Amino acid sequence: QVQLVESGGGLVQAGGSLRLSCAASGRTSSMYAMGWFRQAPGKEREFVAAIPWSGGRTYYADPVKGRFTVSRDNAKNTVYLEMNSMKPEDTAVYYCAATKVSYGSTWYKIESQYNYWGQGTQVTVSS
């Protein structure tokens, strides 16, 4: 089992920044990658960013490219999501997730690929 705990959410003005953290514990050595998803009110949960634990390329959804940066600290078993130039449409509950495998070329944005999920943290961007 892997436990994930997000932190760092809050209220920020448009144009501002926030950094989310996701601390992983348990059998983290079995994990291949971590992802960030978000769910806005009345909308389906959507992919935001992903990063393999071993390094290599990172993945981003088009709406956040150039504004968000995903990174990891293997020693701390923690993944971060740095969010800059934030917009009201970034308002959502943000979830981190962990996956053991990567099937297919678009594995990183498929929710069913992820085995474990955090409880979510609220991010609100005011205009």
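## Reading a sheet, a disulfide and a core

Modeller: In this predicted model, four strands form an open sheet in the order E1-E3-E8-E7, and the pairing is antiparallel.

Biologist: Which strands stand at the edges of the sheet, each with a single partner strand?

Modeller: E1 and strand E7, which covers 68–73, stand there, and each has a single partner strand, so one side of each is left without a neighbour in the sheet. Neighbouring strands of this sheet are turned against each other by 15 degrees on average, with direction ignored.

Biologist: How many bridges join the edge strands to their neighbours, E1 to E3 and E7 to E8?

Modeller: E1 pairs with strand E3, residues 18–26, in the antiparallel sense over 6 bridges, and within that pairing Glu 6 stands opposite Cys 22 in E3. On the other side, 6 bridges join E7 to strand E8, residues 78–83, and these two run antiparallel; there, Asp 73 stands opposite Thr 78 in E8.

Biologist: Along strand E1, which side chains point to one face and which to the other?

Modeller: The side chains of E1, residues 2–7, alternate: Val 2, Leu 4 and Glu 6 point to one face and are buried, whereas Gln 3, Val 5 and Ser 7 point to the other face and are not buried. Take Ser 7, which lies in strand E1, as a case: because its relative accessibility is 38%, Ser 7 counts as partly exposed. Leaving aside residues up to four places away in sequence, Ser 7 touches Arg 19, Leu 20 and Ser 21, while the C-alpha atoms of Ser 7 and Asn 77, 70 residues apart along the chain, are separated by 14 Å.

Biologist: Moving on to Ala 24, is this residue buried or exposed?

Modeller: Ala 24, which lies in strand E3, has a relative accessible area of 10% and is therefore buried, the cut-off for that class being under 20%. Not counting residues up to four places away in sequence, Ala 24 touches Gln 3, Leu 4, Trp 53 and Asn 77. Sequence separation and spatial separation can be read side by side here, with Ala 24 and Gly 118 lying 94 residues apart in sequence and 9.1 Å apart in space, C-alpha to C-alpha.

Biologist: How many disulfides does a search of the whole structure find, and which residues form a disulfide?

Modeller: The search finds 1 disulfide, formed by Cys 22 and Cys 96, whose sulfur atoms are 2.0 Å apart. The link of Cys 22 and Cys 96 has 55 degrees about the S-S bond and is right-handed. The pair links distant parts of the chain, 74 residues apart, with Cys 22 in strand E3 and Cys 96 in strand E9, residues 92–99. Cys 22 is buried, with a relative accessible area of 0%, and Cys 96, at 1% relative accessibility, also counts as buried.

Biologist: What is the general idea behind a nonpolar core, and which residues have the most contacts inside the largest one here?

Modeller: In soluble globular proteins, nonpolar side chains tend to be buried together. The largest nonpolar core in this model has 40 residues, and those with the most contacts inside it are Leu 4, Trp 36, Leu 81, Met 83 and Tyr 94.

Biologist: What does Tyr 94 touch, not counting residues up to four places away in sequence?

Modeller: With those sequence neighbours left out, Tyr 94 touches Glu 6, Leu 20, Phe 37, Arg 38, Val 48, Phe 68, Leu 81, Met 83, Gly 120, Thr 121 and Val 123. Among these contacts, Glu 6 is a residue of E1 whose side chain is buried.

Definitions and conventions
Residues numbered from 1 in each chain as written. Predicted model: local features only at pLDDT ≥ 70, side-chain atom pairs only at ≥ 80, totals over all residues. Heavy atoms only, no water. Core = buried A, V, L, I, M, F, W, Y, C linked by side-chain atoms within 4.5 Å. Buried < 20%, exposed > 50% of the residue type's maximum accessible area, 1.4 Å probe, protein only. Contact = heavy atoms within 4.5 Å. Pairing = 2+ DSSP bridges. Axes fitted to C-alpha atoms, helices over the stretch in contact; angles between N-to-C directions. Disulfide = S-S within 2.5 Å.
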